[in-house]
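Let's take a walk through this model, starting from one residue and working outward. Keep the structure open as you read.

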Amino acid sequence: MLTEVKYRTVKIEKGSGGWGGPLIVAPDRKKNKIVSITGGGIHPLAKKIAELTGAEVVDGFNNPVPNEVIACAVVDCGGTLRTGLFPKQGIPTVNVLPGGPSGPLADYCTPELYVSGTKIENISLV
């Protein structure tokens, strides 16, 4: 018999030099993946978000998943396409690098969908 996962909600705030947020990430049965798009494996910040929420963390470069299952994306983008790619789809996005929205999709980086400069200490259970 399968047991149902109990997901928890986290608040993710901007870090030093960061912008946006706070994001409220609440995975559920449908949106239960924390996707790390940082190159070089799964970023520790994505691991921490998954650990606190009960969601599954995925290396999005090596194991892409459909947008429909993503509860949150973690990126390391200095202001090109990835900064706004997920916010454009309505997916909460955490940029581990500081700075405000920039690049061709910057208009989609609203405070409700995008936060930057985030460190592990900027994540808390709600």
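Start at S36, which you'll find in strand β3, spanning residues 33-37. Keep in mind that you're looking at a predicted model. Is S36 buried or exposed? Its relative accessibility is 0%, and buried means under 20%, so S36 counts as buried. As for who surrounds it, skip the neighbours within four places in sequence and S36 is in contact with G41, I42, H43, A46, V58, D59, G60, F61 and V74.

V74 is a handy lead into the interior. The largest nonpolar core has 18 residues, and V74 is among those with the most contacts inside it, along with I12, I34, I49 and V94. At least two residues of this core come from each of β1 (10-12), β2 (23-25), α1 (44-53) and β5 (70-75). Which of these gives the most? That's α1, with five residues. Another core, of eight residues, lies apart from this one; V35, A73, C77 and I91 are among its members.

Now click on I34. Not counting residues up to four places away in sequence, I34 touches A46, I49, A50, T53, A55, E56, V57, V58, A71, C72 and V74.

Finish at T118, in the loop between β7 (114-116) and β8 (123-125). T118 counts as buried because its relative accessibility is 2%, with the cut-off being under 20%. The T118 side chain reaches the backbone oxygen of E13 at 3.2 Å. Beyond its neighbours within four places in sequence, T118 is in contact with I12, E13, K14, G15, L45, V94, N95 and V96.

How values were computed:
Residues are numbered from 1 along each chain as its sequence is written. This is a predicted model: local features need pLDDT of at least 70, side-chain atom pairs count only at pLDDT 80 or more; totals for chains, interfaces and linings use all residues. Side-chain values use heavy atoms; hydrogens and water are left out. Helices (H or I, at least four residues) and strands (E, at least two) are DSSP runs, numbered from the N terminus. Buried means under 20% relative accessible area, exposed over 50%, partly exposed in between (1.4 Å probe, protein chains only). A polar contact is a pair of N or O atoms within 3.5 Å; within protein, one must be able to donate a hydrogen and the other to accept it, and residues adjacent in sequence count only if both atoms are side-chain atoms. Contact means heavy atoms within 4.5 Å. A nonpolar core is a set of buried Ala, Val, Leu, Ile, Met, Phe, Trp, Tyr and Cys residues joined through side-chain atoms within 4.5 Å.
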